[in-house]
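Please look through the predicted model shown here, following its strands first, then its nonpolar core and finally its largest pocket.

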Amino acid sequence: MYDQFTAADERPLSSAHARIAFADNLLRAATRPERIAEVFATIIGDHIETGPITVGPGGLVSATAAGRTERVQVTPSQTDCCQMAVLVPVTFRIQARLGGIPAHYLAAACVRTRVTVVPDAPCALVVRHQSISRHDVTIKVRAKNALARLAEPFAHLNSLITDQVVSYVNSLVTSPRVRELSRIDVAQLIERAWDTGLVTGRMVGHQ
């Protein structure tokens with residue numbers, strides 16, 4: 001079975017090459033897709049709310065949307081383990097009010113973006129998030145009642161929800177909280193491993 005940590009050339013490495021190989025293996029261990037997916041899921045959260053948005057002629061319709069994120073999918077680049085494509089499916093329930101009467105919609109959205117893991121001094125890794133545009137969001141809205149079907153031609157909900165999602169994600173990934181979540185202090189993790197006895201195999205409290 002293929003082992004991502006096995007070098008193609010099994011001959012002894014020089015000291016310099018051994019350090020490079022170690023750093024490469026460290027990056028591969030840190031950038032496993034399931035770990036990046038977990039970071040991204042924590043950042044996005046499991047619930048997205050937008051609105052109220054006024055739509056239609058003269059702001060005739062007011063709409064709110066509540067979204068639930070599904071399982072984040074991460075696909076590593078074929079040539080660079082530090083480059084990954086991210087797909088976030090979101091299911092929205094939309095309520096638009098026309099003259100005080102609710103129109104209900106369901107929407108399925110997919111948000112596509114990319115992340116890059118880069119070294120950061122003195123000994124850390126940073127997950128950099130790419131800003132998204134309208135082209136990175138696909139959405140399909142389906143009317144759930146008669147009024148929703150009636151309002152659909154002039155509500156333009158696909159475009160409006162797309163704009164809301166783009167604004168939400170871009171403001172989120174540039175926030176101070178996300179910058180903090182996206183930095184992995186490798187030196188601190190190593191210190192913690194020594195302090196808890198993980199490195200020596202003698203876990204504190206389990207002697």
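In this predicted model, the side chains of strand β7, which covers residues 137-143, alternate between two faces. Val-137, Ile-139, Val-141 and Ala-143 point to one face and are buried, whereas Thr-138, Lys-140 and Arg-142 point to the other and are not buried. Strand β7 runs antiparallel to strand β5, residues 101-120, and seven bridges join the two. Within this pairing, Lys-140 of β7, a residue of the face that is not buried, has Ala-108 standing opposite.

Strand β2, residues 61-69, can be read in a similar manner, with Val-61, Ala-63, Ala-65, Gly-67 and Thr-69 on a covered face and Ser-62, Thr-64, Ala-66 and Arg-68 on an uncovered one. The partner considered here is β4, which runs antiparallel to β2 and is joined to that strand by nine bridges; Val-61, for example, stands opposite Leu-98 in β4.

Strand β4 also leads into the interior. The largest nonpolar core has 50 residues, of which Phe-92, Ile-94, Tyr-105 and Ile-161 touch the most other members, and β4, spanning residues 83-98, gives the most to this core, with eight residues. When neighbours within four places in sequence are left aside, Phe-92 is in contact with Ala-65, Ala-66 and Gly-67, with Tyr-105, Leu-106, Ala-107 and Ala-109, and also with Ile-48, Ile-161 and Val-165.

Is Thr-50, a residue of strand β1 (residues 47-55), buried or exposed? Thr-50 has a relative accessibility of 8% and therefore counts as buried, since buried means under 20% relative accessible area. Not counting residues up to four places away in sequence, Thr-50 touches Thr-64 and Ala-65, as well as Ile-161 and Gln-164. Ala-65 and Ile-161 are thus named among the contacts of Phe-92 and of Thr-50.

The last feature to consider is the largest pocket, in which about 410 Å³ of space lies. Thirteen residues line this pocket, and the closest to its centre are Ala-30, Arg-35, Ile-184, Val-186 and Leu-189. The elements that give two or more residues to the lining are the helices α1 (15-30), α2 (33-44) and α6 (186-195), together with strand β8 (183-185). By class, the lining consists of 11 nonpolar and two charged residues, with no polar ones.

Key: Residues numbered from 1 in each chain as written. Predicted model: local features only at pLDDT ≥ 70, side-chain atom pairs only at ≥ 80, totals over all residues. Heavy atoms only, no water. 1 Å grid on protein atoms, 1.4 Å probe; cavity = no way out; pocket = protein on both sides within 12 Å on 5 of 7 lines; lining within 4 Å. Points joined across faces, edges and corners; volume = space filled by probe spheres on them. Helix = DSSP H or I, 4+ residues; strand = E, 2+ residues; numbered from the N terminus. Nonpolar A, V, L, I, M, F, W, Y, C, P; charged D, E, K, R; others polar. Buried < 20%, exposed > 50% of the residue type's maximum accessible area, 1.4 Å probe, protein only. Pairing = 2+ DSSP bridges. Core = buried A, V, L, I, M, F, W, Y, C linked by side-chain atoms within 4.5 Å. Contact = heavy atoms within 4.5 Å.
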